Amino acid sequence: MFETATTLPLAGAGSTMTRIAGMAGNRGRNLLNIADRKPGGAEFAVILTNTEDAPVLEAAAERGIPTEVVPLDEDMSRREHEEAVLETLSDYEFDLVCLDGYMRILSDTFLSEAPTTLNVHPALLPSFPGMDAWGDALEAGVSVTGCTVHVVTDATDEDGAVVEDKVDMGPIVTQEPIPVYEGDDEDDLKERVLYEGEFRAYPRAVKWVAEGAVDIDLEAGEVTVDADAPTAPDSEGLPARRLTASDRADTLRYGENPHQDAAVYADYTCDEASVVHADQLNEGAKALSYNNYNDADGALNLIKEFDEPAAAVIKHTNPAGCATADSLAEAYEKALSTDPMSAFGGIVALNRECDAETAEQIIDSFKEVVVAPSYTDDALETLCEKENLRVLDVGELGEQTERFTEKDLVGGRLVQERDLQSISVDDLEVVTEREPTEEELESMVFAWQTLKHVKSNGILFADGTETVGVGMGQVSRVDAVRLAAMKADEHAEGKDAEGAVMASDAFFPFPDGIEEAAKAGIEAVVQPGGSVNDEDVIEAADEHDMAMAFTGQRSFKHD
């Protein structure tokens with residue numbers, strides 16, 4: 001009647017459209033969710049139930065899905081009913097059977113004739129396999145439960161009687177964890193498992209099947225999911241699923257704005273220096289806000305770029321100034337002088353132990369937070385004189401070990417590798433008639449490493465290893481150049497753009513950016529290159545006797 005196999009091989013994504021026969025006992029909410037989402041392009045050939053007034057029938061009909069009812073007569077044996085179901089389904093072509101609240105244990109009579117059959121159970125099997133999974137989870141006091149999508153296997157004996165310890169014991173395709181919160185009752189937990197866990201896990205399993213990514217060996221009782229493994233040869237690529245857990249470390253006063261609730265969550269497996277795990281040394285000061293955490297994280301990430309003594313002042317996650325120098329105090333002075341007006345109320349980050357001289361400079365103007373790997377006693381005493389200056393000790397900076405960054409979207413999440421690119425003078429390709437000087441090459445490298453932390457479109461002017469003007473977050477690259485020039489001319493103290501190096505986080509699409517830079521006094525440029533108009537841009541640089549080097553890599557930062 002149906003094509004039968006003990007394995008569901010890797011058929012290759014998109015070879016044919018997967019057709020599903022759904023079997024539900026009542027509402028069929030999982031089947032309807034799958035029908036609406038069409039994971040992997042899968043569609044329903046039919047939805048069948050054994051109850052004539054099951055709500056799923058009307059809902060399926062509204063979606064244009066054929067429906068069937070095979071009533072369960074009182075004098076019908078299990079095998080007789082399954083034979084009737086098979087006979088009804090024989091009018092349809094399908095590759096997969098999906099159960100959803102189908103209140104009949106299926107025997108080999110059905111399973112040996114039908115294609116692979118999947119079901120979802122509201123617990124992380126083999127835990128809580130019974131009919132009251134939510135209650136059992138609450139009674140057991142577990143902190144995590146969830147759901148399991150598994151292959152349905154025969155759970156009956158020769159006479160058709162149910163063998164309880166075989167129910168829901170087929171090979172597992174995928175699971176989805178769901179937390180159990182203090183104060184949960186069965187309704188709370190059931191709601192999350194059914195509408196968060198199952199609505200994620202079941203479509204995922206169907207998608208894998210539809211894309212030919214699942215190999216089910218019923219004889220061995222094993223499932224291999226190619227799509228659920230890292231895809232890179234070194235097994236360190238982006239996996240098909242990213243499961244992360246974090247614990248709420250603190251409830252914050254509010255979010256970005258006072259009308260938004262917020263909290264900070266901690267990943268205690270992170271070994272990298274982090275503001276989330278930092279000690280706040282002046283305990284009497286108010287706690288960090290949402291914006292403080294965000295800005296302090298950006299500031300800390302910036303000063304991790306440098307081996308030399310470095311200081312940065314951050315405002316709204318953008319550098320107001322950054323510098324390296326022979327001493328920390330000198331680096332901070334140079335960073336602050338880039339834009340002392342914008343530094344008001346900013347975040348200071350240092351990559352060395354904060355000494356008394358640096359601390360004295362920091363408290364000369366209002367700052368929100370100081371981040372450093374440690375503090376001398378004198379420095380700490382000075383900083384704590386400011387009542388609400390939060391002083392964070394992040395410990396030894398060490399290596400940058402966290403590989404990914406994430407951004408939540410409405411309905412999903414973006415995950416990418418961190419931008420850990422680091423260039424040297426040897427990586428630069430000089431493309432102009434004039435060669436950069438050694439000092440300009442050094443400044444190009446500094447400017448590029450700093451520019452990574454400026455919101456795009458970003459332009460940065462640097463003199464030596466200190467910033468003199470930053471143009472950030474502009475929708476036009478030439479406007480970013482103009483902004484950096486304005487900052488250098490009007491806000492910088494004791495320095496300007498004359499003779500400086502300009503760094504651009506992406507290529508110049510037109511020569512106008514170079515023209516604006518020349519007006520500001522820029523004498524050298526570092527940029528990725530790669531524009532169709534590179535020749536025109538290089539020609540403009542040559543006309544102004546500018547040196548220009550390409551990095552060959554972009555450095556966008558949109559968050």
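Let's start with L125, which is buried because its relative accessibility is 5%, under the 20% cut-off. Bear in mind as we go that this is a predicted model. L125 sits in the loop that runs between β6 (117–121) and α5 (133–140). Which residues does L125 touch, once those up to four places away in sequence are set aside? They are T148, H150, D168, M169, I172 and Q175. For a sense of distance, take Q421, which is 296 residues from L125 along the chain: the C-alpha atoms of the two are separated by 43 Å.

Next, turn to T49, a residue of strand β3 (residues 43–49). T49 has a relative accessible area of 0%, so it too counts as buried. Its side chain has a polar atom 3.3 Å from the backbone nitrogen of T51. Beyond the neighbours within four places in sequence, T49 makes contact with A24, G25, A54, L57, E68, V69 and V70.

Finally, follow the chain to helix α13, which covers residues 477–490. How far apart should the ends of this helix be? With 14 residues and 1.5 Å a residue, α13 should span 20 Å, and its end C-alpha atoms are indeed 20 Å apart, so the two values agree. The buried residues of α13 are R477, V478, A480, V481, L483, A484, A485, K487 and A488. As you look at that list, it helps to recall that an α-helix has 3.6 residues a turn, so residues three or four places apart point the same way. The partners of these buried residues include the helices α8 (328–338), α9 (340–343) and α14 (512–520). They also pack against the strands β22 (459–463), β23 (466–471) and β24 (501–504).

Terms used
Residues numbered from 1 in each chain as written. Predicted model: local features only at pLDDT ≥ 70, side-chain atom pairs only at ≥ 80, totals over all residues. Heavy atoms only, no water. Helix = DSSP H or I, 4+ residues; strand = E, 2+ residues; numbered from the N terminus. Expected span 1.5 Å × (residues − 1). Buried < 20%, exposed > 50% of the residue type's maximum accessible area, 1.4 Å probe, protein only. Contact = heavy atoms within 4.5 Å. Polar contact = N/O pair within 3.5 Å; in protein donor to acceptor, adjacent residues only side chain to side chain.
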